[in-house]
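Biologist: Before we talk, could you put the model in front of us, so that each term can be set beside what the atoms show?

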Amino acid sequence: MEENKIPQHVAIILDGNGRWAKKRFLPRNMGHAQGAKVVEQICEDAHNLGIKYLTVYAFSTENWKRPEDEVKALMKLLDKYLKNCLERSKKNNMRVRVIGDISQLSEKLQKQILELEEKSAGCTGLTFTVALNYGGRDELIRAMKKMTNDVKSGKLNSDDISEEIFSNYLDTKDIPDPDLMIRTSGEQRISNYLLWQLAYTEFYFTDVLWPDFNKKELEKAIAYYAGRDRRYGSVK
């Protein structure tokens, strides 16, 4: 595929872990564990295909509403995943970032996240971003609060506020907006994910459950993207 047809930034909503487990008469947690393994492989596949940025929706602000046992299991899985991610980052020259309000996570997880971001900051391969305790509306509100405080303190003139200025207050301030957003499992909504950043993104929905997603499915999504005519509101 032509290099200019490869999306620079791909965002993914990892959906279908629970349904994958249910189909196999397994606990939901087994689906999440398998889903985490798929994330590891897709990071490598994305890099090998020429994708520069990969952002995944791992845990939303709404996911706290799930059963307590499932949330605890997810946090335990996250703890293990962050430890493994540090090793993979070194091995694959992969920079790892986390977006979302991590202050709601345990102190242990917060320390792991900060260590991972710090130790991988100099990596020049794939930039892998994980959305944890993330919600698009929550991100916008946090950004507006920070911007309002800067206006009040005189650091920012309200007349100077622009899309570019506002973007610098978002969690994704150093990351280009996604070119392609993939959602697995057949659902066709964005579920409070990257509300600002997805303004001109191409959407690709697949019935494949996330634990069954692989390089071939990623290539299908990229092929779909390559066939799109991106005009950004203009006429060609």
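Modeller: What follows is a conversation about how some terms apply to this model, which is predicted.

Biologist: How do you know that the span of helix α7 agrees with what should be expected for a helix of 12 residues?

Modeller: The expected span is 1.5 Å times one less than the number of residues, so the 12 residues of α7, residues 215–226, should span 16 Å, and the end C-alpha atoms are indeed 16 Å apart.

Biologist: Which residues of α7 are called buried, and what covers them?

Modeller: Buried means under 20% relative accessible area, and in α7 the term applies to Glu217, Leu218, Ala221, Ile222, Tyr225 and Ala226. Among the elements that cover these buried residues are helix α2 (28–49) and the strands β5 (180–183) and β6 (202–205).

Biologist: What makes Asn214 a cap for α7?

Modeller: A side-chain oxygen of Asn214 lies 3.1 Å from the backbone nitrogen of Lys216, and the cut-off for a polar contact is 3.5 Å, so the pair falls within it, at the N-terminal end of the helix.

Biologist: Why is the pairing of Arg24 and Asp212 called a salt bridge?

Modeller: Their side chains meet at 3.8 Å, N to O, and because the cut-off is 4 Å between a side-chain nitrogen of Lys or Arg and a carboxyl oxygen of Asp or Glu, the pair qualifies. Arg24 lies in the loop between α1 (17–23) and α2, whereas Asp212 lies in the loop between β6 and α7, so the pair ties together parts that are 188 residues apart in sequence.

Biologist: Why are Arg24 and Asp212 described as partly exposed?

Modeller: Arg24 has a relative accessible area of 36% and Asp212 has 33%; since partly exposed covers what lies between under 20% and over 50%, the term fits both residues.

Biologist: How do you know that Arg142 and Asp138 form a salt bridge, and where do they lie?

Modeller: The closest N and O atoms of Arg142 and Asp138 are 2.8 Å apart, which is within the 4 Å cut-off, and both residues lie in helix α5 (residues 136–153), 4 residues apart, or about one turn of the helix. Elsewhere, salt bridges that share partners join Asp15, Arg19, Arg183, Glu187 and Arg189 into one network.

Biologist: How many salt bridges does a search of the whole structure find?

Modeller: The search finds 17 salt bridges, including the one between Lys72 and Glu68, whose closest N and O atoms are 3.3 Å apart. Lys72 and Glu68 are both exposed.

Terms used. Residues numbered from 1 in each chain as written. Predicted model: local features only at pLDDT ≥ 70, side-chain atom pairs only at ≥ 80, totals over all residues. Heavy atoms only, no water. Helix = DSSP H or I, 4+ residues; strand = E, 2+ residues; numbered from the N terminus. Buried < 20%, exposed > 50% of the residue type's maximum accessible area, 1.4 Å probe, protein only. Contact = heavy atoms within 4.5 Å. Polar contact = N/O pair within 3.5 Å; in protein donor to acceptor, adjacent residues only side chain to side chain.
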